Amino acid sequence: MSRNTLILRLASLTLLAAILMAACAPAATPTTAPAVDAPAATKAPAATATEPKPEAPVEISYTYPGGIPSDLASVEAALSEVTLAKFNATVKLNPVDWGAYTDKVNLMVAAGEACDVLFVAPWMNPSYTQLVANGALYPLNDILETAAPELVKSMPAGAFDATKIEGKIYGVPNQQIWSKPFGPVVRTDLADKYGFDVTKITKLDDLEVFLAAVKEGEPDIYPAAGGAFTNEYFGWDPVVTQDAGVVVRFDDKSLTVFNGYDTPEFKAHVELMRKWYVAGYFPRDLVPGEDFNNVWKAGKVGASLLEVVQPNLSATWLNSRGFNVYAKALAPNFTSTGSITATMNAVCQSSKNPEKALMFLSLLNTDPAFYNTLAKGVEGKHWVWVDQSAKIIGAGPEKDSYNPGADWMFGNTFNAYYTDADSAKIQQETAAINAAAVPSVAMGFTFNPEPVKNELAQVTAVVTERGRPLFNGEVDPATALPEFLQALKDAGIDKIIAEAQAQLNAFAGK
């Protein structure tokens, strides 16, 4: 091998080693500006992260008593547009005819049927306390502040306290007139025709002059829709249930519990009802609750004996029953646990989305546009603005397809749009009545029916069977009242009274 050949081979081996070492060495950090990028056609495509699929909307159902409007769907759509944007839920409205509501709720509870929001009240069957005792309602304490802080801020002091059962909140009270100033309501046209001034009466007996005039002059009209009885008319706070008859006087600081049916006041009242029934002032058969509005709309009656008299009563009755009315409050102006909880909405224990159900209730109580969509319908369709700056509305071109007439059922009525220029004044007057009302001595107390649930069921059955005919005047109190009182004793009313007294004493720290 020649010297030149050897030198060439050594040079080749040296170059090869340098190339191999460069290939294996780690890349050096550049100390100068990086090289210009290669043309786009030669660059590798960037990796794309997998985006999570959007959460599917949930459905929030609302079950409440009332007729089924023909245009429910457009209201559901309008409400759902809001709830989808705020918390990814749609709204399903489930109105149930008044006559079927009790059976519907009882079946839902017994079957464990899923529901989200339910209208509840102490005067309904099943009552608020019964639904709680049956485990049908969801306790809200742990989710109120997180899911519905605006709802908490919107409630007056003590409102949620009135809903508590053994320290737990199960209902959202609807803000409205919280006093229950009961009194008679009479048709304006008939009162004017017969010269009757309802403002001058001081007790229910004074209505007799009007009833007699209508009986004589209007042969096709019953002077009144029927007899009536309510504890609040006598200043009694029904601390168990409205029907049980176990009451305390709203201003009795001794907190003495007694049987309201076994009093001189009740005896005199049912004697008056009997007198008026015999005189032909009432229909022979009691008008069922579900038919009450229709009987009024048909112009078949001239008065209702005991209704909650509130400033907007005439407008409400004109809207729901077809007649302007005069009214006079005769009961003491006081508030009670029962009056604040008189109309509420609750989250069902069976709800799969209790937080979002509560968010829905928060909107009904804090968002005027949302509340009025449920209460009045869709703007431009079921109602139109008359004066938007004054929040006055009028009938829309399709008003008859959605007109529930139940503002008091759905949420904060102080957010309702006005139907005329006087409505703003009416709201102020209503707020003034609430402010002037005296709290019952038993305010905040909620009876736990569990220790006497059997007796309570039996007493309620006795009131339905024997008490209501007395309320309506259908039976003679001379014989029927003693039989009623004995039946209440046999059913266990004394045990209920003793249990209520014990619980009330514990509540008061006695």
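Which hand does the crossing of α2 and α15 have, left-handed or right-handed? To find out, bear in mind that the model on screen is a predicted one, and begin by selecting residues 72-87, which form helix α2, together with residues 368-376, which form helix α15. Their axes are 9 Å apart, and the two helices pack at an angle of about 165 degrees. Because an angle over 145 degrees counts as roughly antiparallel, α2 is described as roughly antiparallel to α15. The crossing of α2 and α15 is left-handed.

Now show the side chains at this place. On the α2 side, the contact is made by V75, A78, L79, V82 and T83, while α15 brings F370, T373 and L374. Sorted by class, the residues of this contact of α2 with α15 are six nonpolar and two polar, with no charged residue among them.

Keep α2 selected and add residues 354-366, which are helix α14. Here the axes of α2 and α14 come within 11 Å and cross at roughly 125 degrees, and the two helices are therefore oblique to each other. The crossing of α2 and α14 is right-handed, whereas that of α2 and α15 is left-handed. In the contact with α14, helix α2 takes part through V82, T83, K86 and F87, and α14 through K356, M359, F360 and L363. These residues divide into five nonpolar, one polar and two charged. It is worth colouring V82 and T83 of α2, since they appear in the contact with α15 and also in the contact with α14.

Next, turn to a sheet. Select β11, residues 303-308, and β12, residues 325-327, which are the edge strands, each pairing on one side only. Which strand stands between them in the order of the open sheet? The order is β11-β7-β12, so that β7 is in the middle, and the pairing is antiparallel. From one strand to the next, the twist averages 35 degrees.

Strand β7 covers residues 182-187, and four bridges join this strand to β11. For one particular pair to look at, select V185, whose bridge partner in β11 is S304. Then add residues 313-321, helix α12, which lies across β7, β11 and β12 and runs at about 145 degrees to β12.

From here, select W296 and F323 and show their rings. The model has 28 aromatic pairs in the count, and W296 with F323 is an edge-to-face pair, with 6.5 Å from centre to centre and 65 degrees between the planes. W296 belongs to helix α11 (residues 292-297) and F323 to the loop between α12 and β12, so the pair ties together parts that are 27 residues apart in sequence.

For the last stop, select residues 453-471, helix α18, and residues 493-508, helix α20. How do their axes cross, and within what distance do they come? The axes come within 9 Å and cross at roughly 125 degrees, which makes α18 oblique to α20. Helix α18 passes α20 in a left-handed crossing. The residues to display in this contact are E455, L456 and V459 of α18, and I493, K495 and I496 of α20. By class, this contact of α18 with α20 has four nonpolar and two charged residues, and no polar ones.

Methods:
Residues numbered from 1 in each chain as written. Predicted model: local features only at pLDDT ≥ 70, side-chain atom pairs only at ≥ 80, totals over all residues. Heavy atoms only, no water. Axes fitted to C-alpha atoms, helices over the stretch in contact; angles between N-to-C directions. Parallel < 35°, antiparallel > 145°, perpendicular 65-115°, else oblique. Left-handed = near helix turned anticlockwise from the far one by under 90°. Contact = heavy atoms within 4.5 Å. Nonpolar A, V, L, I, M, F, W, Y, C, P; charged D, E, K, R; others polar. Pairing = 2+ DSSP bridges. Phe/Tyr/Trp six-rings, centres within 6.5 Å; stacked < 30°, edge-to-face > 60°.
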